Amino acid sequence: MSAWVGIGRSDIGLIRSSNQDAFVTADHLGFWAVADGMGGHAGGDVAAHTAIASVTARAELFADSLRSGQCAPQDFLSDLLIQAQEAILGRAQLEPRLKHMGTTIVALVIPPAHPPTAHVAHLGDSRAYLFRSGTLTALTRDHTLIEKYLERGILTEASARTHPERHVLTRALGMPSPVKPGFGAYPLQDTDLLLLCSDGLTKMLENDAIAGLLATANGDPIRACDLLLAEALKRGGEDNTTVIVIAHP
């Protein structure tokens, strides 16, 4: 049993007609993930749920190997995402209407080790954050055209927020290119909060607003989820919004 507990919430928002986000909180595995589907009404929904079903089943299958140290956390996460890619492409091949479906994903595992370490893998613009002592730190960098422009100094942060290509992804599950996730490993303290979210949250809230709400939650992951979703809706709820907040009880 993981010493960390994740609370997940998802909301359709105020504009969209369906929720194409999916998530899993598998505390007993120390594993959590958020997916945000793309590719039209049917495709996005199917891709996100296919990805989450695949990574959850695979995590269950190889949890013992991870616990025993036979499988390194990065290899564990990489295998999960490669299998999810195959599941999505296989489903799309069977159903032509799903041909261009895909999904972002951010997945996090905390193996039973001391001191605890959060291992993160992601594709696309769903994000992971660490909240410690009032400071919010991004653990992922979006796989988007805009992020490439920012890295090259072509755009400023201010202009990137309203750029017409700001949501064009360069990596995601379902794309024909090989799966190349971003990875990271982050030592944890018992008072830390971890946040996984779809871009429905980060479209509506800047990082300082997210940090303020997490501070207000005072370490309670249920309250943190409720505050974040309520504020995203208050600011317009332009997209499906999914959050998982992970804490050490």
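Author: Let's start with a word we need: a helix here is a DSSP run of H or I with at least four residues, and helices are numbered from the N terminus. Please keep in mind that the model is predicted.

Reader: Which residue just after helix 6 takes a positive phi?

Author: That is Asn218, with a phi of about 55°.

Reader: Why is 207–217 called a helix?

Author: Helix 6 covers residues 207–217, and a DSSP run of H or I needs at least four residues to be called a helix.

Reader: Which residues of helix 6 are buried?

Author: They are Ala209, Ile210, Ala211, Leu213, Leu214 and Ala217. Being buried means that each has under 20% relative accessible area. Here is a general hint about such patterns: an α-helix has 3.6 residues a turn, so residues three or four places apart point the same way.

Reader: What do the buried residues of helix 6 pack against?

Author: Their partners are strand 6 (127–132), strand 7 (135–138) and strand 9 (193–197), along with helix 5 (199–204) and helix 7 (221–234).

Reader: How do you know how many disulfides there are?

Author: A disulfide needs two cysteine sulfur atoms within 2.5 Å, and by this rule the count is 0. For Cys197, the nearest cysteine sulfur belongs to Cys225 and is 11 Å away, so by the 2.5 Å cut-off Cys197 is in no disulfide. Seen from Cys225, the nearest cysteine sulfur is that of Cys197, again 11 Å away.

Reader: What makes Cys197 and Cys225 count as buried or exposed?

Author: Cys197 has a relative accessible area of 0%, so it is buried. Cys225 is also at 0% and counts as buried.

Reader: Why is Ser54 called buried at 15%?

Author: The cut-off is under 20%, so 15% makes Ser54 buried. Ser54 sits in helix 1 (residues 41–68). Leaving aside residues up to four places away in sequence, Ser54 touches Gln83, Ala84 and Ala87.

Reader: What makes Phe31 and Phe76 an aromatic pair, and of which kind?

Author: Their ring centres are 6.4 Å apart, and the limit is 6.5 Å, so they pair. The planes meet at 85°, and over 60 degrees counts as edge-to-face, so that is the kind. The whole structure holds 1 aromatic pair.

Reader: What does the pair of Phe31 and Phe76 tie together?

Author: Phe31 lies in strand 3 (residues 31–38) and Phe76 in helix 2 (residues 73–94), so the pair joins parts that are 45 residues apart in sequence. Phe31 is buried at 0% relative accessibility, and Phe76 is buried at 3%.

Methods: Residues numbered from 1 in each chain as written. Predicted model: local features only at pLDDT ≥ 70, side-chain atom pairs only at ≥ 80, totals over all residues. Heavy atoms only, no water. Buried < 20%, exposed > 50% of the residue type's maximum accessible area, 1.4 Å probe, protein only. Helix = DSSP H or I, 4+ residues; strand = E, 2+ residues; numbered from the N terminus. Contact = heavy atoms within 4.5 Å. Phe/Tyr/Trp six-rings, centres within 6.5 Å; stacked < 30°, edge-to-face > 60°.
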